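The following exercises concern a single protein model. Please work through each task with the structure open, and then compare the result with the worked solution.

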Amino acid sequence: MAIHYQKENGIFTLHTEHTTYQMKVDEYGFLLHLYYGGKISGSMDYLLTYYDRGFSGNPSDAGNDRTYSMDVQPQEYPGMGIGDYRCSALIVHNEDESDCCDLRYVSHKIQKGKYALKGLPAVYATEEEAQTLEIVLEDPVTKVQTVLLYGVLEQEDIITRSVKIINYGTGNIIIEKAASACLDFVTGDYDLLSFWGRHTMERNFQRSEIGHGSHVFGSRRGTSSHQYNPAVIIAEKNATENNGSCYGMVFVYSGNFMFEAEKDQFGQTRTIMGLHSDILHYPLKQNESLVIPETILTYSGKGFGELSMQYHKCIQEHIVRGKYKNQPRPVLVNSWEASYFNFNGETICKLAENAAELGIDMVVMDDGWFGKREDDNSGLGDWQVNEQKLGCTLKQMIERINALGVKFGIWIEPEMVSEDSDLYRTHPEWALQIPGRKPVRGRNQLVLDFSRKEVRDHIFDLICSVLDQGNIEYVKWDMNRSIADVYSMENRQGTVAYDYVIGVYDFLEKLTQKYPELLIESCSGGGGRFDAGMMYYTPQIWCSDNTDALDRVRIQYGTSFFYPVSTVGSHVSAVPNHQTGRSVNLHTRGVVAMAGTFGYELDLAALTSEEKVIIKEQIRQYKKYAELIQKGKYYRLSNPFQEECAAWLFVSENADKALLNVVMLENHGNMNVQYVKLKGLNPNTVYEVAATGKRYYGSALMQAGIPMPVQQGEYLSYQMEFIQYI
């Protein structure tokens, strides 16, 4: 059993293979957090201390005992208004205008399997793989309940947390703030690893000290955003890639979120992950409820590398679903950087002919195939094929492409509408807009109100009518702006931002159920919605609109701390690069793109004979290594923000194969030799380099490393396959 309850002292213990999580219902009914970390035995309530702390209030239950204060005690789910002046996991605005929720233990139950969240993505597992703990807390005055949900995947070292808030009182309430997870540390000094960015430069690694005061970031943009990823690591000061204690928190949600870390007056640290309070004013009438998206927790005592692998396995095996969960993805070429809006049916078919010659599996027709869509100022919402532009029906074009042995995919942006569109002219009230105000535009487009079922159903029917016209095997789902006018013409205000995301999930669930063979790649201007929530519906996400290989090694480095390579959409693009103007050799562009789903984003007709030879070899190599890349263990071997080379490694499950990838980020006169140390090999096994026949012991490769050649040229790269020598 992974979950244990000791009735005599009110202690709950959650065990995984290598970790323990423990909490306690105390004499007053408060649920206190005791411990999370490496696996231990016994009760950890001895860590609780009681002193008279000036200006820290005492609950009336404690009588004259001034040593008991919620301002000091570590808590599982702290609410506002109970004498705890630290950041709160929950703020409830009651009908009497008070902001208070005093949660006390009511009951609990333990059951086999992992809980599910209606309408929300969540980690899934069989009854044999997981257990669920459900703890009910209630405010005895307002009768507001919070149901704390804990999912324990013992073998994966994963604990998930979610919360269901239910109004069992007679008065109406408003949820002003709600988190799904809180971690209280009574001792220790910690650093925060967060991943900030911007459009075309997402998920930059940042390490900062959690000092006294609050550290808050998140997204108010309606998506998880390019600016901050909803995933963090709380690390002890000595923690590194290979050593030390660290804790991960990954929010399984694709909308507004907020993370807080606060070191208090007594050196205690609290971290909270949940919905963003600035955009949350969710009203609940009697018997109504609100489910908070889950947070995935994991702990590693062996540094960031092990923590990352635990997340990779969890997301790959317990978030990603469908046909392509464990299946290599087709190598594709997307028409966007090849032709932008300037294409017709003949140019797409010509792209497919060139793809067939090179061994590319699929051609994707990007933006511009529908309505009156000749640029990005019109047509969104009018999801009818522009047969005049194509010069044929969609079915005819797909049949021509399939006849070449090439698959076909298409781009859509279902959540958006152009003011210059038939849909908007017919239903302007379907767009998110604040009455009496002019709308805030992004990319000269508005956002459809996906919190409304009738809007979703209409767009769903239009998209399905397109998908039913031919053998469409891939969809790129885009979302190219942030949400500003958070106002629905139909639904209750305060619910719109949350219900919008639920609507997106509803649409995607229906789409995956109707077309189970369809591969969907999510995108939001690249990595603006790169999160575990979208991965539940789309097994891969376009990592960034920036396809520059040098920038991509840094973007993909940050991405790798939580998300498996199989979810990373990564392509080879033309040079000079369309985002940076930089020229990087084709071999290096291929090596970088192979740390993902792999494909091309360029005009194949413009390739030279030499480039075609290189691309054919790249595709052959990628297909050879596809299973190792998608299912192997991923190791970061260098930090490209600090070191002169970027290096990463894929190792098979039994360590009989490994693929080393190195990109030289700098080149100087009389250059130092770069020695790259490998990881994850069998130390007593001899490995042979496939290309040269040279042999090395695994221990030598891991302890001393392997030297990279010193050669002239910018941004050179090396890819070495190591095979167990028999």
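**Exercise 1. The largest pocket**

Which element gives the most to the lining of the largest pocket, and with how many residues?

*Solution.* The model is predicted: local features need pLDDT of at least 70, side-chain atom pairs count only at pLDDT 80 or more, and totals for chains, interfaces and linings use all residues. Residues are numbered from 1 along each chain as its sequence is written, and side-chain values use heavy atoms, with hydrogens and water left out.

Step 1. Fix the terms. A pocket, on a 1 Å grid over the protein atoms alone, is an open set of points where a 1.4 Å probe fits, with protein on both sides within 12 Å along at least five of seven lines; lining residues have an atom within 4 Å of a point. Grid points are joined across faces, edges and corners, and a volume is the space filled by probe spheres set on the points. Helices (H or I, at least four residues) and strands (E, at least two) are DSSP runs numbered from the N terminus.

Step 2. Describe the pocket. The largest pocket holds about 970 Å³ of space. Its lining comprises 30 residues, and Glu306, Met309, Gln310, Lys633 and Tyr635 are the closest to its centre.

Step 3. Assign the lining. Helix H1 (303-318), H12 and strand S31 (633-636) are the elements that give two or more residues. H1 gives the most, with eight residues.

**Exercise 2. Geometry of helix H12**

Compare the expected and actual span of helix H12 (residues 609-631), and locate its bend.

*Solution.* Step 1. The expected span of a helix is 1.5 Å times one less than its number of residues. For the 23 residues of H12 this gives 33 Å, and the end C-alpha atoms are 33 Å apart, so the two agree.

Step 2. The bend at a residue is the angle between axes fitted to the seven residues ending there and the seven starting there. H12 bends by about 55° at Tyr625.

Step 3. Tyr625 is also among the buried residues of H12, which include Ile615, Tyr622 and Ile629. Buried means under 20% relative accessible area, exposed over 50%, and partly exposed in between (1.4 Å probe, protein chains only).

**Exercise 3. Two open sheets**

State the strand order, the pairing sense and the edge strands of the four-stranded and nine-stranded open sheets.

*Solution.* Step 1. Two strands pair if DSSP finds at least two bridges between them. Strands of a sheet pair through backbone hydrogen bonds, either parallel or antiparallel.

Step 2. The four-stranded sheet has the order S1-S2-S3-S4 with antiparallel pairing. Strand S1 (3-6) and strand S4 (31-38) are its edge strands, each pairing on one side only. S1 and strand S2 (residues 11-15) are joined by four bridges, and Tyr5 stands opposite Phe12 in S2.

Step 3. The nine-stranded sheet has the order S28-S27-S26-S25-S22-S21-S20-S30-S29 with parallel pairing. Strand S28 (568-569) and strand S29 (572-573) each have a single partner strand, so one side of each is left without a neighbour in the sheet. Within this sheet, strand S22 (residues 407-412) runs parallel to strand S25 (residues 472-477), with five bridges between them. Trp411 stands opposite Lys476 in S25.

**Exercise 4. Two covered strands**

How many residues of strand S7 (residues 130-138) are buried, and how many of strand S11 (residues 190-198)?

*Solution.* Step 1. In S7, nine of its nine residues are buried. One side carries Ala130, Thr132, Glu134, Val136 and Glu138, and the other Gln131, Leu133, Ile135 and Leu137.

Step 2. S7 pairs in the antiparallel sense with strand S6 (residues 104-112) over eight bridges, where Gln111 has Thr132 as its bridge partner. S7 also pairs in the antiparallel sense with strand S8 (residues 144-153) over nine bridges, and Ile135 stands opposite Leu148 in S8. The hairpin of S7 and S8 has five residues between the strands, and Lys143 takes a positive phi near 65° there.

Step 3. In S11, seven of its nine residues are buried. S11 pairs in the antiparallel sense with strand S14 (residues 231-236) over four bridges and with strand S12 (residues 201-209) over seven. Leu193 has Ile233 as its bridge partner in S14 and Arg207 in S12.
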